[in-house]
Each structure stands twice: as structure tokens, then as C-alpha cells.
Amino acid sequence: MNQASADSPAARASAASLSRAAPALVVGIDAGGTRTRAVLADLGDGRTLGEGTSGPGNALTVPGPVLADHLAEALARAVPEPLRGRVVAVAGGFAGTGHGGQAADEPGRVRAQAALAAALARVGVTAAEVGVHSDIETAFAAAPGHPADGLVLVAGTGAVAARIDARVPAATSGGDGWLLGDDGGGFWIGRAAVRAVLRAADGRSGPTALALTVGRALGLPTEILPPQDYGGTDAAPCHGGTDAAPWSAASRAAYRERLLPAVMDRPPVRLADHAPLVVRAAEEKDAVATRILHEAARRLADTVAALAPRPGEPLVVTGGLLAPDGPLLIPLTERLAPLALAITPVSDGSPGAVALARLDHAI
């Protein structure tokens with residue numbers, strides 16, 4: 001049988017023809033404070049064809065080379081090597097990155113662009129359109145129908161809200177980072193948890209189950225941790241109140257001495273690691289944890305209210321705290337009820353990034 005070899009002119013022409021006939025692809029990237037997610041999708045209908053995840057993607061807090069590594073890892077997992085030449089557009093939404101209405105030299109945008117360019121080159125994706133967006137823009141675009149106007153609230157490690165006009169933020173509220181803002185976000189909640197256990201240990205407030213779980217998470221010695229049933233009620237301060245298991249003064253003093261350096265030895269943003277502990281403690285009716293979450297919801301509601309929302313206006317919410325089934329979704333919805341907003345939770349910004357990549361290619 002006389003078949004053409006794989007590298008014959010006829011075979012090469014056939015392969016080129018098949019490549020031209022194959023559907024074009026796009027990639028959407030959601031790079032947040034905790035993880036980076038890349039999604040491969042069909043340009044025509046937006047159908048997901050592959051996805052990959054990696055480490056944090058905040059353009060301001062993750063060093064450039066590390067950010068490029070995380071992006072390359074997520075891209076390599078999402079886009080099989082034979083398909084990389086078919087990617088025609090890439091759009092990434094980055095935490096810590098300014099939006100499209102800001103100057104081109106905004107630091108977060110510059111860092112994200114450099115890291116994304118390096119990652120794409122490393123995996124061999126040569127898309128004609130490569131767009132860098134804020135995580136606010138991609139989160140809003142992730143709502144069903146990919147709306148162009150409305151409000152968005154992102155509450156993950158940080159917290160920021162924005163009014164969106166023609167898919168670009170026209171005004172923002174919050175989002176000032178772990179040191180100066182992000183009220184109600186995961187970092188804020190985790191820091192509140194550590195502050196609460198310090199107050200419990202020195203007698204400034206009542207007992208809380210967080211003293212045990214935070215101490216364990218930070219690797220404190222078992223012998224200085226509070227008892228298993230320490231906390232859960234609004235008991236009096238000092239030694240744990242009448243309804244709490246006793247925690248000796250010597251153990252409490254040793255706990256404080258060990259906890260402070262354990263926290264200081266970690267990057268500050270790692271305080272956000274304790275936010276899930278607060279959620280679990282609140283589910284078990286711990287009074288201190290419940291108050292922390294209620295206060296977080298109040299602060300997030302204030303962040304939205306600062307944008308002067310109008311009745312009936314759409315509000316897209318996302319991030320680990322507000323995505324579908326997120327721990328603050330119900331309390332936030334209750335606090336915002338007087339504003340009569342149409343609240344839509346979305347899992348993350350990757351569908352919005354895919355939508356923006358498709359729009360970028362169509363322009």
C-alpha cells in the first residue's frame with residue numbers, strides 16, 4: 001500500500017488543512033489571592049474544554065517570577081500541548097491589578113502583563129490578543145449573560161466592590177489591601193480570630209473554641225492549649241466563665257508567648273488561613289466566631305452601600321466567602337435586603353475571563 005509519509009508534502013498539507021478547519025480556542029484566567037485557575041474554552045460557544053489550577057496569583061503580593069510559574073503551571077494543565085497553537089485570545093483577571101480605566105503603567109497591571117507574557121511564552125501559546133483585567137472585571141463578567149453594567153463585590157482573601165459601566169469599573173469601594181483595608185474579607189476574618197484568642201488568653205474577653213483551633217493551626221504545644229470544650233457561649237472573661245472548661249493562668253500565659261512569634265514568623269497574608277476556622281466554629285455555635293462573621297457581613301454591606309446602589313440593580317458577588325454556598329452569602333443578603341438588589345453569586349471569575357477573551361477576539 002502506497003501511503004504518504006508523515007513528513008511528506010502531501011501529509012503536511014493535510015495537517016495544515018485540518019489545523020485551519022479546527023475550531024479556535026480561548027483561555028480565561030482567574031488569578032486570586034489563594035489560587036490561579038486557567039480555563040480552556042471554544043471561541044465559538046464558550047464551552048469549557050480543559051482547566052488547570054496552581055498557586056496564588058495576586059499581582060502585587062506574589063513576586064513576578066513566582067507569579068509566572070503559577071500561571072505557566074495552570075496554563076500547562078488547562079491546555080494540552082497539541083491544542084496550544086489554536087489559542088487565539090487569552091484574558092486574565094488578577095487580584096492586585098488595576099482595571100482597564102486606569103493608566104497603562106499601573107503597577108499591578110504591569111506586573112501581571114510581564115508574568116503572563118513570560119508564562120505564555122514558556123508553554124508555547126502565541127495568542128494574538130492577550131488581555132489583563134482586574135479580578136473585579138472578570139468576576140462581574142462571570143454572571144449569566146455576561147452583563148455590562150451593575151455592581152460587583154469580591155470577598156476572598158481581600159474585599160472590594162465596584163460599580164461597572166460598559167464592563168469597566170467606574171467607581172470602587174474597599175480593596176485597599178490587608179494592611180489598610182479589605183474589611184470583611186478572609187484576611188480581616190483571620191486576623192479577628194487571632195485577636196480574639198489573644199483577648200481570651202489574657203482575660204479581656206470570654207472563651208472561644210478558636211483558641212484551640214488557632215493554636216493547633218499554628219503548631220503550639222498541646223500542653224498549653226485550652227481544653228476541648230473551651231468556648232461556645234457568651235461566658236464571662238478571665239478564666240473562661242462559669243460554663244467553660246478551665247484554662248490555667250500558666251497555660252494561658254505560655255499560649256500567648258508562643259502564639260505571637262508563630263504568627264510573626266509567617267507572611268501577614270497567612271492570617272487569612274484562619275478564616276475557615278472561624279466559619280467552622282460559628283457552625284458549631286461559638287459565640288465569638290459568630291460575632292466575627294456578622295461583623296464581616298456588616299462591613300461588606302457597607303462596602304457595597306458606599307457605591308450608592310439603586311433598587312433592582314444587579315449585584316454580582318464572588319470569592320470564597322460569597323460564592324454559591326459561601327458562609328457570608330446569607331448574612332450579607334439579609335443586610336442588603338433594604339436595598340432590593342438582584343444578587344447573583346458566581347463561583348469564580350474564570351467564566352468571566354473566558355467571556356472577555358471571546359469579546360477581545362471579536363473586537
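Me: Two strands pair if DSSP finds at least two bridges between them. With that in hand, in what order do the 5 strands of the open sheet come?

Reply: The order is β3-β2-β1-β4-β5, and the pairing is mixed. The strand names come from DSSP runs numbered from the N terminus: E runs of at least two residues are strands, and H or I runs of at least four are helices. One thing to know up front: this is a predicted model, where local features need pLDDT of at least 70 and side-chain atom pairs count only at pLDDT 80 or more, while totals for chains, interfaces and linings use all residues. Residues are numbered from 1 along each chain as its sequence is written, and side-chain values use heavy atoms, with hydrogens and water left out.

Me: Thanks! Which are the edge strands?

Reply: They are β3 (48-54) and β5 (129-134), each of which pairs on one side only. On average, neighbouring strands of this sheet are turned by 15° against each other, direction ignored. Angles like this are taken between N-to-C directions and run from 0 to 180 degrees, with axes being lines fitted to C-alpha atoms (for helices, over the stretch in contact).

Me: How many bridges join β2 to β3?

Reply: There are 6 bridges between β2 (residues 36-42) and β3, and these strands run antiparallel. Within them, V39 of one strand stands opposite E51 in β3.

Me: And what does helix α2 touch on the sheet?

Reply: Helix α2 (residues 64-78) packs on the sheet and touches β1 (25-31), β2, β3 and β4 (87-94). Its direction makes about 150° with that of β3. Contact here means heavy atoms within 4.5 Å. Helix α3 (residues 107-123) lies across β1, β4 and β5, at about 140° to β5.

Me: Let's zoom in on S134. Is it buried or exposed?

Reply: S134 is buried, with a relative accessible area of 2%. The cut-offs are under 20% for buried, over 50% for exposed and partly exposed in between (1.4 Å probe, protein chains only). This residue is found in strand β5.

Me: Which residues does S134 touch?

Reply: Leaving out residues up to four places away in sequence, S134 touches G93, F94, T97, G98, H99 and P169.

Me: New topic: how many aromatic pairs are there?

Reply: The count comes to 3. The rule is that rings of Phe, Tyr and Trp (its six-membered ring) pair if their centres lie within 6.5 Å; planes under 30 degrees apart are stacked, over 60 edge-to-face and the rest tilted. One of the pairs is W178 with F187, which is tilted, at 5.6 Å centre to centre with 55° between the planes. W178 is partly exposed at 33% relative accessibility, whereas F187 is buried at 3%.

Me: Why is the pair of W247 and Y255 edge-to-face?

Reply: Because their planes are at 85°, with the ring centres 4.9 Å apart. W247 is buried at 3% relative accessibility, and Y255 is buried at 0%. Together with Y230 they form one aromatic cluster.

Me: What about helix α12, which residues are buried there?

Reply: They are S350, G352, A353, V354, A355, L356 and A357. Among the elements covering them are β1, β2, β4, β5 and α4 (135-141).

Me: And how far apart are the end C-alpha atoms of α12?

Reply: They are 19 Å apart, which agrees with the 18 Å that the 13 residues of α12 (residues 350-362) should span. The expected span is 1.5 Å times one less than the number of residues.

Me: Last one: how many salt bridges are there?

Reply: The count is 15. Each needs a side-chain nitrogen of Lys or Arg within 4 Å of a carboxyl oxygen of Asp or Glu. Among them is D202 with R204, whose closest N and O atoms are 2.8 Å apart. D202 is partly exposed at 33%, while R204 is exposed at 53%. R47 and D45 also meet in a salt bridge, at 3.6 Å from N to O.

Me: Which residues belong to the network joined by salt bridges that share partners?

Reply: R299 and E295 make a good way in, with a salt bridge of 2.8 Å, N to O. Being 4 residues apart in helix α10 (residues 287-305), they are separated by about one helical turn. Both are partly exposed, R299 at 26% and E295 at 23%. Shared partners join D183, E295, R298, R299 and D302 into one network.
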